[in-house]
Amino acid sequence: MEVKTSRGNLIMNTATMAYRNLLRTFHNPDRFMDVIIQPVMFMLMFGYLFGGAIAGNVQNYLPTIVPGILIQTMLSASSGSGEQIREDLDSGVFDRFKSLPMAHIAPLAGQLFADILRLVIAAVVSLTTGYLMGWRPAAGLGWVVVVGLLAVFTGWAISWIFALLGLLAKNASTVSSFSLIVMLALSFLSNAFIPINTLSKTMKVIAYMNPITYVITAIRQILATGSWTHEAVLVLIFGIGIVAVFAPLTVWAYNRNN
Amino acid sequence: MKTVNAIEVNHLTKEFGNKTAVDDISFDVKQGEVFGLLGPNGAGKTTTLRMITTLLKSSGGSVKIFGHDTAKEGRLARSMFGLTGQYASVDEDISARENLMIFARLNGLSRAASKQRTQELLTEFSLVNSADKSLKDFSGGMRRRLDLAVSLITRPALIFLDEPTTGLDPRTRTQMWETIRKLVAQGSTIVLTTQYLDEADQLADRIAVIDHGKLVKIGTPEELKKQIGGTKLNFTIDKAAQMTIAVQLMTKQLGESINQTGQRLSAVLNNISQLAPLLDTLQRSKIAISDLTVQEPSLDDVFMNLTVGKN
């Protein structure tokens, strides 16, 4: 009898699971479509439709809308985690994972690591579309990279929330429709597309209660000033805070499910 | 030295809310044995199997795999068996080779060992030509084969098969049976669930009949069939006037009670070899019959017989 007593190598198992998720994505390029088509479409539509009305012309609107759509795209890319996790849990494959002598948490960890790639692609597509439309931030390329990384980190932190949702929800379509509503509400009820001072009093309160507003403000400031601002530090702390709160909750829900 | 049982199930119970899905089930499976869990849909077969294989927490009772309590030594127990679930538990989106590679790696094999084992299994299960195709183009039989191949990566001594042939066409079903027999010949212990009596009959050394979450009966296929009462014989007597004499002859020959509905007679044969002499007797007495049917016991009969008056 050959008995493989795995030492439960969490890192190895997680790497294998992340590799599996990437393979699945590459075999199904349509899994990428939402993070590629959506930012391009929104950038073009909003830019050319509302640019004139909101900022006088498209060029003047770009510094407002590029960070806005960048973060909106991060939100929708991160919501994919929950959907994927629910789909996996509902499929027969997950039973197999559970019956293997592997690190118990590896399927979840692998998913969240593989998601980073989705977020990076989404960020690159958003920023490149902006560039092609004529967006030239004063801070220069270096700061654009910093902003991209900050956005990816924020998106990754938020994907823990969606992962929790995926674990608690009944099925994938519930996760998907709920995620869409959350994404739309968070991105539109913020300063993503409009200067906040144009809003009515009530709307201003709502927009200021929305954490996404602060993320977008921080990114605009970095790009305008070319420096690591006070707000950017807050965004980083906010992201770390989300992970600190939601990672244990997600792991708890995951263990409870199993 | 006393050999340890492959599986020991003691008072295993599962409650979902108020409903008891598995009710105090106990049985042992010896090493090298093929053990069948037989029951209709919803009887609790899969729930039982899921608890044994640590996929589902039990509400009560214990399971030991090769002497290791699954509640205390889960990972060790898991390393000793392979599981093929009821629904293809392979990744649809990636190829057969990638599936095998990933599961080999997750089982703790090195990259080189994984590669080698993948190639071996692809060959053994005749999947080499489709190894790099998407699973979406796979037939049901190919998928089951891959599924089984994945369960065998670590050459486990104990293999669980949850309804291995449900949904397969007759030809693929026979192929699957052959594959299972090969595993048995190699010395594996196999636990399979099925809703087909003939499948359990073909493959299993011992069968546990499960109904409404309870273990109704456990025994060899022969013992089980004896309990059910053998083969059912039905025919119609063409001339009503010959009814009495026909019943007399049959009673004498079979020694069993004969059921009569109009001109239709039915009886139970303890052995199929009773059939020819009976037909011969009827013919010699010039009793013409028609609509003859001979029915092997079906699963329905098993349950009618085993669960009568119990629910």
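This passage walks through the two chains of a predicted model, beginning with the overall build of chain B, then its two sheets, the contact between the chains, and a helix of chain A.

Chain B is a good place to start. Its secondary structure amounts to eleven helices and 14 strands. Measured out along the principal axes, the C-alpha trace of this chain covers about 80 × 45 × 45 Å. Of the 311 residues in chain B, 40% are buried. Among contacts in chain B with a separation of 6 or more, 69% join residues that are 24 or more positions apart.

One of the sheets of chain B is an open one with six strands, in the order S6-S7-S8-S3-S9-S10, and its pairing is mixed. The edges are taken by strand S6 (81-84) and strand S10 (214-219) of chain B; each has a single partner strand, so one side of each is left without a neighbour in the sheet. On average, and with direction ignored, neighbouring strands here are turned by 15 degrees against each other.

The mixed character of this sheet can be followed on either side of S9(B). Strand S3 (residues 34-38) of chain B pairs with strand S9 (residues 206-211) of chain B in the parallel sense, over four bridges. Within this pair, B:Leu37 has B:Ala208 of S9(B) as its bridge partner. Between S9(B) and S10(B), by contrast, the pairing is antiparallel and runs over five bridges. Here B:Ala208 appears again, with B:Ile218 in S10(B) as its bridge partner. B:Ala208 is thus a handy residue to look for on screen, with B:Leu37 as a bridge partner and B:Ile218 as another. The hairpin of S9(B) and S10(B) has two residues between the strands, and in it B:His212 adopts a positive phi near 50 degrees. Toward the other edge of the sheet, helix H5 (residues 140-151) of chain B lies across S6 and strand S7 (158-162) of chain B, and its direction is at about 160 degrees to that of S6(B).

A further open sheet of chain B is built from four strands in the order S12-S13-S11-S14, with antiparallel pairing. Strand S12 (259-261) and strand S14 (289-295) of chain B are its edge strands, each pairing on one side only. From one strand to the next, the twist averages 15 degrees. Strand S11 (residues 231-237) of chain B is joined to strand S13 (residues 264-269) of chain B by six bridges, and the two run antiparallel. In this pair, B:Leu233 has B:Ala267 of S13(B) as its bridge partner. Helix H9 (residues 243-254) of chain B packs on the sheet and touches S11, S12 and S13 of chain B, with its direction at about 0 degrees to that of S13(B). S11(B) is also joined to S14(B), by five bridges and again in the antiparallel sense. There, B:Asn234 is found opposite B:Thr293 of S14(B).

Attention now turns to where the chains meet. The contact draws 28 residues from chain B and 23 residues from chain A. On the side of chain B that touches chain A, helix H2 (74-78) and helix H3 (96-106) of chain B each supply at least two residues. H3(B) gives the most to this side, with four residues. Sorted by class, the residues on this side of chain B are twelve nonpolar, nine polar and seven charged.

In chain A, helix H2 (residues 30-55) invites a simple check of length. At 1.5 Å a residue, its 26 residues should span 38 Å; the end C-alpha atoms lie 35 Å apart, which agrees. H2(A) nevertheless carries a kink of about 40 degrees, centred on A:Leu49. The buried residues of this helix are A:Val35, A:Pro39, A:Phe42, A:Met43, A:Phe46 and A:Gly47. An α-helix has 3.6 residues a turn, so residues three or four places apart point the same way. What covers the buried residues of H2(A) includes helix H3 (58-90) and helix H5 (106-132) of chain A. After H2(A) comes A:Gly56, with a positive phi near 90 degrees.

Terms used:
Residues are numbered from 1 along each chain as its sequence is written. Chains are lettered from A and ligands numbered from 1 in the order in which they are written. This is a predicted model: local features need pLDDT of at least 70, side-chain atom pairs count only at pLDDT 80 or more; totals for chains, interfaces and linings use all residues. The expected span of a helix is 1.5 Å times one less than its number of residues. The bend at a residue is the angle between axes fitted to the seven residues ending there and the seven starting there. A residue is buried if 20 or more other C-beta atoms lie within 10 Å of its own, exposed if 12 or fewer, and partly exposed in between; C-beta atoms are placed from the backbone. Two residues are in contact if their C-beta atoms, placed from the backbone, lie within 7 Å. Two strands pair if DSSP finds at least two bridges between them. Axes are lines fitted to C-alpha atoms, for helices over the stretch in contact, and angles run from 0 to 180 degrees between N-to-C directions. Ala, Val, Leu, Ile, Met, Phe, Trp, Tyr, Cys and Pro count as nonpolar, Asp, Glu, Lys and Arg as charged, and the others, Gly among them, as polar.
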